[in-house]
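Here are my notes on this model, set out as numbered points. Please read them with the structure open.

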Amino acid sequence: MISPTLSLLLNNKKRKLNRKRKEKKMAIPSPSLSIFLLFLMTPALISASAVPDPELVVHEVHKSINASRRNLGYLSCGTGNPIDDCWRCDPNWEKNRQRLADCAIGFGKNAVGGRDGRIYVVTDPGDYDVVNPKPGTLRHAVIQDEPLWIIFARDMTIRLKEELIMNSFKTIDGRGASVHIAGGPCITIQYVTNIIIHGLNIHDCKKGGNAMVRDSPRHFGWRTVSDGDGVSIFGGTHIWVDHCSLSNCADGLVDAIHGSTAITISNNFMTHHDKVMLLGHSDTYTQDKNMQVTIAFNHFGEGLVQRIPRCRHGYFHVVNNDYTQWEMYAIGGSANPTINSQGNRFAAPDRTFSKEVTKHEDAPESEWRNWNWRSEGDLMVNGAFFTASGAGASSSYARASSLGARPSALVGPITGSAGALICKKGARC
């Protein structure tokens with residue numbers, strides 16, 4: 001039996017130990033640590049949209065800086081990736097799926113997808129009849145007229161017979177399941193608006209066509225031969241492709257042409273492909289001159305050759321991406337596009353003649369030296385170099401600016417979770 005005196009001494013010692021632990025928890029971090037954390041967690045995010053007047057872009061930029069932290073829920077996770085910090089820290093993400101639509105940034109930030117509609121659960125991976133799709137299949141979901149947030153009942157691989165032609169105001173959300181669209185034609189976003197593609201594995205896409213295909217409850221029509229893109233955006237607006245893993249398709253992984261605009265391509269992991277992204281139909285198709293595309297937080301991994309992206313006519317913000325080598329070049333273009341490269345990490349291949357990040361195409365130097373291409377804060381690794389051009393007109397770069405770039409030194413952690421995520425219900429994703 002412990003004596004009262006000894007018991008009192010032990011209790012006092014225990015209280016002192018608890019007090020020291022509490023004081024340690026409440027200790028103020030060092031000034032250098034505070035500055036680093038503040039630097040890491042301050043977004044300086046710039047909101048943007050596809051607008052024809054560059055002055056409106058600049059006005060929107062300044063107006064949004066103070067509101068951005070509140071709107072994106074930055075301080076909740078603090079990873080430095082503004083999209084992920086907006087939703088991934090929520091253990092109840094599965095019950096709050098449609099909140100994702102409020103986390104978009106860049107030129108595609110207004111893409112609401114199916115945020116304002118009901119949840120549609122895909123229960124059947126089959127694609128039995130492309131004219132009269134079966135309820136419960138992905139094709140049946142995407143052709144509906146109403147806004148829908150489309151999710152998956154379980155892991156599945158969907159091999160489409162023909163292009164998956166989407167209707168407006170749809171989100172395809174692969175979180176919580178391992179969803180592969182592979183082995184057949186893939187996703188087509190043609191003359192529709194407000195589409196979100198999130199959390200899918202899209203690979204080994206093939207050409208399709210020469211077939212009747214339904215694109216709405218009231219219409220089906222003849223489709224000519226498709227290109228075999230992973231995601232084909234044709235005359236689409238307000239499009240967001242986020243956290244997908246894409247590889248090895250017949251043509252492009254993500255292509256946007258024929259007047260498409262207000263697009264964000266973010267947090268994707270792209271590998272093993274030749275012509276990665278085409279943005280702009282042709283040098284003569286001037287309707288693409290108002291195209292605005294944000295390419296942010298992607299990891300361009302092994303086995304990529306060229307067109308990361310290849311741009312025409314419009315305005316392109318390439319920001320905080322990780323380029324893990326390329327075989328020919330990374331960023332190319334023709335027909336006087338404006339390319340704003342900020343805070344990326346470019347790791348060149350070992351081959352001596354493939355060190356250049358850029359490729360000015362289909363024009364003599366006397367012409368392309370006037371195109372506005374700039375590199376700001378990019379990290380060049382293994383001899384990589386960026387050939388800048390143009391006079392740098394502020395109005396031109398205002399239309400090619402869609403968010404505040406973070407330092408290239410942070411690209412690793414920002415892009416570390418690029419690609420389709422493994423998300424479990426009841427836990428942070």
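1. Start with the cysteine pairing. This is a predicted model, and its bonded cysteines, numbered in sequence order, pair 1-2, 3-4, 5-6. The whole structure holds 3 disulfides.

2. Cys86 and Cys103 form one of these disulfides, with an S to S distance of 2.1 Å. The torsion about their S-S bond is about -70 degrees, so this disulfide is left-handed. Cys86 sits in helix 4 (residues 82-87), while Cys103 is in the loop between helix 4 and strand 1 (118-122). The two are 17 residues apart, and the pair links distant parts of the chain. Both Cys86 and Cys103 are buried.

3. Another disulfide joins Cys186 to Cys205, S to S 2.1 Å. With a torsion of about -90 degrees about the S-S bond, the disulfide of Cys186 and Cys205 is left-handed. Cys186 is in the loop between strand 6 (179-182) and strand 7 (187-190). Cys205 lies in the loop between strand 9 and strand 10. The pair therefore ties together parts that are 19 residues apart in sequence. Cys186 and Cys205 are both buried.

4. Check the pair Cys423 and Cys429. Their disulfide has an S to S distance of 1.5 Å. Cys423 and Cys429 are buried. Cys423 also belongs to a nonpolar core, taken up in point 6.

5. Two further cysteines deserve a look. Are Cys244 and Cys311 buried or exposed? Cys244 has 0% relative accessibility, so it counts as buried. Cys311 counts as buried because its relative accessibility is also 0%.

6. Now the nonpolar packing. In soluble globular proteins, nonpolar side chains tend to be buried together. The largest nonpolar core here has 66 residues. Which of them touch the most other members? They are Leu138, Phe152, Ile172, Ile189, Ile197, Leu200 and Met270. A second, separate core has 23 residues, including Trp87, Ile105, Ala111 and Cys423.

7. Leu200 is a good residue to inspect. Leaving aside residues up to four places away in sequence, Leu200 touches Phe152, Ile172, Gly174, Val179 and Ile181, among others. Its contacts also include Ile187, His243, Cys244, Ser245 and Ala420. Two of these partners, Phe152 and Ile172, appear again among the core residues that touch the most other members.

8. Next, the charged pairs. The whole structure contains 16 salt bridges. One of them is between Arg223 and Glu163, whose closest N and O atoms are 3.2 Å apart. Arg223 is in strand 11 (residues 219-223), and Glu163 is in the loop between strand 3 (156-158) and strand 4 (164-165). They are 60 residues apart, and the pair links distant parts of the chain. Arg223 has a relative accessible area of 16%, so it is buried under the 20% cut-off. Glu163 is buried too, at 8%.

9. Asp173 and Arg175 form a salt bridge as well, with 2.8 Å between the closest N and O atoms. Both Asp173 and Arg175 are buried.

10. Compare the salt bridge of Asp283 with Arg312, where the closest N and O atoms are 2.8 Å apart. Asp283 lies in the loop between strand 19 (277-279) and strand 20 (292-296), and Arg312 in strand 23, so the pair ties together parts that are 29 residues apart in sequence. Asp283 is partly exposed, at 29% relative accessible area. Arg312, at 11%, counts as buried. Elsewhere, Arg310, Lys359, Glu361 and Asp362 are joined into one network by salt bridges that share partners.

11. Look at the backbone around Pro309. The peptide bond joining Ile308 and Pro309 is cis, with omega about 5 degrees. Pro309 is in the loop between strand 22 (304-306) and strand 23 (310-312). Arg307 lies in the loop between strand 22 and strand 23. Its phi is near 60 degrees, a positive value in a residue other than glycine. Arg307 is buried, at 19% relative accessible area.

12. Asn210 also has a positive phi, near 55 degrees. Asn210 is found in the loop between strand 9 (201-203) and strand 10 (211-216). With a relative accessible area of 48%, Asn210 is partly exposed.

13. Last, Phe353. This residue is in the loop between strand 28 (345-347) and strand 29 (358-360). Phe353 counts as exposed, at 82% relative accessibility. The C-alpha atoms of Phe353 and Met328 are 8.5 Å apart, with the two positions 25 residues apart along the chain.

Conventions:
Residues numbered from 1 in each chain as written. Predicted model: local features only at pLDDT ≥ 70, side-chain atom pairs only at ≥ 80, totals over all residues. Heavy atoms only, no water. Helix = DSSP H or I, 4+ residues; strand = E, 2+ residues; numbered from the N terminus. Buried < 20%, exposed > 50% of the residue type's maximum accessible area, 1.4 Å probe, protein only. Core = buried A, V, L, I, M, F, W, Y, C linked by side-chain atoms within 4.5 Å. Contact = heavy atoms within 4.5 Å. Salt bridge = Lys/Arg side-chain N within 4 Å of Asp/Glu carboxyl O. Disulfide = S-S within 2.5 Å.
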